[in-house]
Amino acid sequence: MKTWAYESHQVSLNGLIVDVLKIFRDLQKQLQRDDLILPEIISNRDSALRKLDIICRVPYPGVEEKNLQPQGTETHFESR
């Protein structure tokens with residue numbers, strides 16, 4: 001990654017992929033708990049969907065995509 005320029009589209013996409021995978025990893029961990037009840041499944045799903053919605057609008061705060069951007073630059077993704 002050291003050879004990639006900060007303005008590179010590849011760096012932004014890699015940060016985005018890492019953020020999305022972290023959301024799904026956390027959701028999977030929550031859904032595999034032994035003491036899980038149905039209302040928690042729905043709230044965990046809704047939480048993951050909110051986080052994914054945030055990513056569609058701006059880099060998810062405090063996570064990889066935001067960390068990969070140099071100071072003073074922003075990347076905007078169009079929501080579908």
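Me: A salt bridge is a side-chain nitrogen of Lys or Arg within 4 Å of a carboxyl oxygen of Asp or Glu. By this rule, what does the count of salt bridges come to?

Reply: First, a word on the source: this is a predicted model, where local features need pLDDT of at least 70 and side-chain atom pairs count only at pLDDT 80 or more, while totals for chains, interfaces and linings use all residues. Residues are numbered from 1 along each chain as its sequence is written, and side-chain values use heavy atoms, with hydrogens and water left out. Side chains of opposite charge can pair when their charged atoms come close. Going by the rule you quote, the number of salt bridges is 5.

Me: Which residue meets Arg25 in a salt bridge, side chain to side chain?

Reply: Let's place Arg25 on the accessibility scale (buried is under 20% relative accessible area, exposed over 50%, partly exposed in between, with a 1.4 Å probe and protein chains only). Arg25 sits at 40%, so it counts as partly exposed. Its partner is partly exposed as well, at 32%. With N and O 3.3 Å apart, that partner is Asp26.

Me: And what separates the N and O atoms in the salt bridge of Glu40 and Arg33?

Reply: Both ends are partly exposed: Glu40 has a relative accessible area of 26%, and Arg33 has 28%. From N to O, their salt bridge spans 2.8 Å.

Me: Which residues do salt bridges with shared partners join into one network?

Reply: Start with Asp46 and Arg45, whose salt bridge brings N and O to 2.7 Å. Asp46 is partly exposed at 26%, and so is Arg45 at 44%. The network that shared partners build is made of Arg33, Asp35 and Glu40.

Me: Zooming out, what pattern does the protein chain follow along the sequence?

Reply: Helices (H or I, at least four residues) and strands (E, at least two) are DSSP runs, numbered from the N terminus. The chain holds 3 helices and 0 strands. Read in order, that gives α-α-α.

Me: What percentage of the 80 residues counts as buried?

Reply: The accessible surface (Shrake-Rupley with a 1.4 Å probe, where for residues only the protein chains shown count as cover) comes to about 6300 Å², and 55% of that belongs to carbon and sulfur atoms. Among contacts (heavy atoms within 4.5 Å) with a separation of 6 or more, 47% join residues 24 or more positions apart. As for the 80 residues, the buried part is 21%.

Me: Which residues of H2 are buried?

Reply: H2 has 20 residues and reaches 30 Å from first C-alpha to last, close to the 28 Å expected (1.5 Å times one less than its number of residues). Seen down the helix axis, the buried residues fall within an arc of 35° (taken over the directions from the axis to the C-beta atoms), so they line one face. H1 is part of what covers them, while the face turned away carries exposed Leu38, Pro39 and Arg50. The buried residues of H2 are Asn44, Ala48 and Ile55.

Me: Is Asn44 buried or exposed?

Reply: Asn44 belongs to helix H2, residues 38–57. Setting aside residues up to four places away in sequence, Asn44 touches Leu27, Gln30, Arg33 and Leu36. With 17% relative accessibility, Asn44 counts as buried.

Me: Over in H1, which residues is Leu27 in contact with, leaving aside neighbours within four places?

Reply: H1 has 23 residues and reaches 33 Å, close to the 33 Å expected. Leu27 is one of its buried residues, along with Val11, Ser12, Gly15, Leu16, Asp19 and Ile23, and its own relative accessible area is 16%. Leu27 and Ser47 are 20 residues apart in sequence and 8.7 Å apart from C-alpha to C-alpha. The contacts of Leu27 are Asn44, Arg45 and Ala48.

Me: Which helix gives the largest share of the nonpolar patch?

Reply: Patch residues have over 30% relative accessible area and no salt bridge; like charges are joined within 9 Å, nonpolar side chains (Val, Leu, Ile, Met, Phe, Trp, Tyr) within 5 Å. Here Leu31, Leu38, Ile41 and Ile42 make a nonpolar patch of about 340 Å². Leu31 lies in H1, residues 9–31, and is partly exposed at 37%. The largest share, 3 residues, comes from H2.
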